Amino acid sequence: MKKNNNAQRIGQLSAIAAMMLAGSVHAADAFSSDSEWMTGDWGGERTKLIEQGIDIKMDYVGEVGGNLHGGYNDDKTARYADQFGLGVALDLQKLWGWDNTQAKVQFTNRNGYNISNDRVGDPRAGTLSSSQEVYGRGHMVRLTQLWIKHQFFDNKLDVKAGYFGEGEDFNTFPCDFQNLAFCGSQVGNWATNIWYNWPVSQAAIRVKYNINDELYAQIGAYNQNPSQLEHGNGFKLSGSGTKGTVLPVELVWSPNPNSLPGEYRVGYYKSTADADDVREDVNGFDAATTGDAYRTHSSKHGYWFVAQQQLTSHNGDKSRGLSIAANATFHDKDTNFIDNYQSVMFVYKGPFDARPKDDVGIGAARIHVNNDVKKNAELLNVANGVSDYDNPVFSPIRETEYNYEINYGFHVTNWLTVRPNLQYITHPGGVDEVDNALVAGLKIQSTF
């Protein structure tokens, strides 16, 4: 890691903290371990704003990844990536008397570099997951959320519209691990080029109906516009470049067996945009052999399952105890690079009486490349007359990547969590020729 990059990141964080502190009447409130914000309550002004319906959101995530052993390039180094967030959540009932109405605006800024791209994985193939989940979608400021939502019929019906991502409401999952395979909405990680996770937003509408206290169903429509991924389009609100619409539907059940919380999600998505076949040409033959254009399909689809359940409490304290979580996604084999993914995680909150807010986690994930993608690469190598893996023209053969992570979250204060972790990646990128890799990580999560 370059020292000047470290200094720049630290300088940015310090500058933002200093600016926020400058507006604080009682500086002593800042950095209090009992405060939920690093900058404190601003002499009580922050609480007053929340009571009026204005909740200012400022946060930071920073992640270090260092290759300790193995991978494509075993020249040891470390990389740093981060994200700053600034936004405001509005209760419009408190502000303007609009019953059961909320709104939110959120900006994000990502920076840094990823250890996975060229050290863990072969640059020709990359890795399927990422050892630093916060990396990606460009070094730029983005409008990540701009939406309003309203509840009708005694809160039975909930409608949300504006600009936001699918993963906010569908296939949602927390992000306490550092490896991408255990963090956030997994459909967005594997549904190639259609489902854009945080921090990318799309024009969207989501309609949710609460069937009862434990069960709801929802459906959404999201503009599928690849141009919003391009650098400089972080604030693009026009529809130019639209290819189609992503239509997710989901059923969510939230039981509380033995008064312990659980959540179970099953869903399906369909993209109405054209999608290229991963192997066949326009005539149904192997495109790598014929050289003809790949066949076009009128849509692509997939489905998912998410389960989260707290299993135990700690001496009657339900804020502590063991939880299990599992994810699985399955995708269109004609058009999608990844055809299936599964993961399982265990997290124990409050493992020690002296550290009741800490947590320890362990997870394992399997990411499988579509067999037609593998066959297509084999045919490309034959067509190009190459068989030597070290030949720059060789297309690496990708099959299955496995990711493992163990971490410990130090709840340093109510506004700061530091999470050292170890990750082990088997067959990075799904490429057997790449050595298994051991990565040391450090994740910092702070609320300003």
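Buried, on this tour, means under 20% relative accessible area, and partly exposed covers the range from there up to the exposed class, which starts over 50%. Keep that cut-off handy, and remember as you click around that this is a predicted model.

**Stop 1: Trp147**

Select Trp147, which sits in strand S4, residues 141–152. Its relative accessibility is 12%, so Trp147 counts as buried. Now show what surrounds the Trp147 side chain and backbone. Leaving out residues up to four places away in sequence, Trp147 touches Gln102, Ala103 and Lys104, then the run Lys160, Ala161, Gly162, Tyr163 and Phe164, and also Glu168. Draw a distance from Trp147 to Ala103: the two are 44 residues apart in sequence, but their C-alpha atoms are 5.5 Å apart in space.

**Stop 2: Asn111**

Next, pick Asn111 in strand S3, residues 101–112. At 14% relative accessibility, Asn111 counts as buried. For a longer line across the model, connect the C-alpha atoms of Asn111 and Asp55: that gives 26 Å for a separation of 56 residues in sequence.

**Stop 3: zoom out**

Time for the whole chain. How many helices and strands does the secondary structure come to? Colour by secondary structure and you should find 7 helices and 18 strands. Along the principal axes, the C-alpha atoms fill a box of roughly 70 × 50 × 45 Å. For 448 residues, a compact globule would have a radius of gyration near 22 Å, and the chain, at 23 Å, agrees with that.

Switch on the surface and you are looking at about 20,200 Å² of exposed area, 56% of it supplied by carbon and sulfur atoms. Buried residues make up 48% of the 448. If you draw contacts between residues at least 6 apart in sequence, 64% of them join residues at least 24 apart. Colour by charge, too: the mean positions of the 39 positive and 52 negative charges are 3 Å apart.

**Stop 4: the largest nonpolar core**

Nonpolar side chains tend to be buried together in soluble globular proteins. To see the largest nonpolar core here, select Trp195, Tyr269, Trp304 and Ile367, the members that touch the most others among its 28 residues. Then add the elements that give two or more residues to this core: helix H5 (187–190) and strands S12 (300–310), S14 (338–349) and S15 (359–369). Apart from it lies another core, of 9 residues, including Met38, Phe84, Trp415 and Phe448.

Back to Trp195. Which residues does Trp195 touch, not counting those up to four places away in sequence? Tyr269 and Trp304 are on the list, along with Glu166, Gly167, Phe170, Asn171, Ser185, Val187, Gly188, Val246 and Pro248.

**Stop 5: Ser185 and Asn171**

Two of those neighbours deserve a click. Ser185 is in the loop between S5 and H5, and with a relative accessible area of 6% it is buried. Beyond four places in sequence, Ser185 touches Gly167, Phe170, Asn171, Phe173, Trp195 and Asn197. For scale, its C-alpha is 23 Å from that of Arg398, which is 213 residues away in sequence.

Asn171 lies in the loop between strand S5 (157–164) and H5. Is Asn171 buried or exposed? It is buried, with a relative accessible area of 0%. Check its backbone as well: phi is near 55 degrees, a positive value in a residue other than glycine.

**Stop 6: more backbone to inspect**

Most residues other than glycine have a negative phi, and most peptide bonds are trans. Phe31 is another one to check, with a positive phi near 70 degrees. You will find Phe31 in the loop between helix H1 (3–22) and helix H2 (45–52); its 47% relative accessibility makes it partly exposed.

Then follow the backbone from Trp198 to Pro199, where the peptide bond is cis, with omega near 10 degrees. Pro199 is in the loop between H5 and strand S6 (202–210).

**Stop 7: Thr290**

Finish at Thr290 in helix H6, residues 287–290. Thr290 is partly exposed, at a relative accessible area of 35%. Not counting residues up to four places away in sequence, Thr290 touches Asp281 and Phe285. One last distance: from Thr290 to Tyr268, 22 residues along the chain, the C-alpha atoms are separated by 34 Å.

Key: Residues numbered from 1 in each chain as written. Predicted model: local features only at pLDDT ≥ 70, side-chain atom pairs only at ≥ 80, totals over all residues. Heavy atoms only, no water. Helix = DSSP H or I, 4+ residues; strand = E, 2+ residues; numbered from the N terminus. Rg over C-alpha atoms; globule rule 2.2 N^0.38 Å. Buried < 20%, exposed > 50% of the residue type's maximum accessible area, 1.4 Å probe, protein only. Contact = heavy atoms within 4.5 Å. Areas by Shrake-Rupley, 256 points an atom, 1.4 Å probe, with all protein chains shown as cover. Lys, Arg positive; Asp, Glu negative; His and termini not counted. Charge placed at Lys NZ, Arg CZ, Asp CG, Glu CD. Core = buried A, V, L, I, M, F, W, Y, C linked by side-chain atoms within 4.5 Å.
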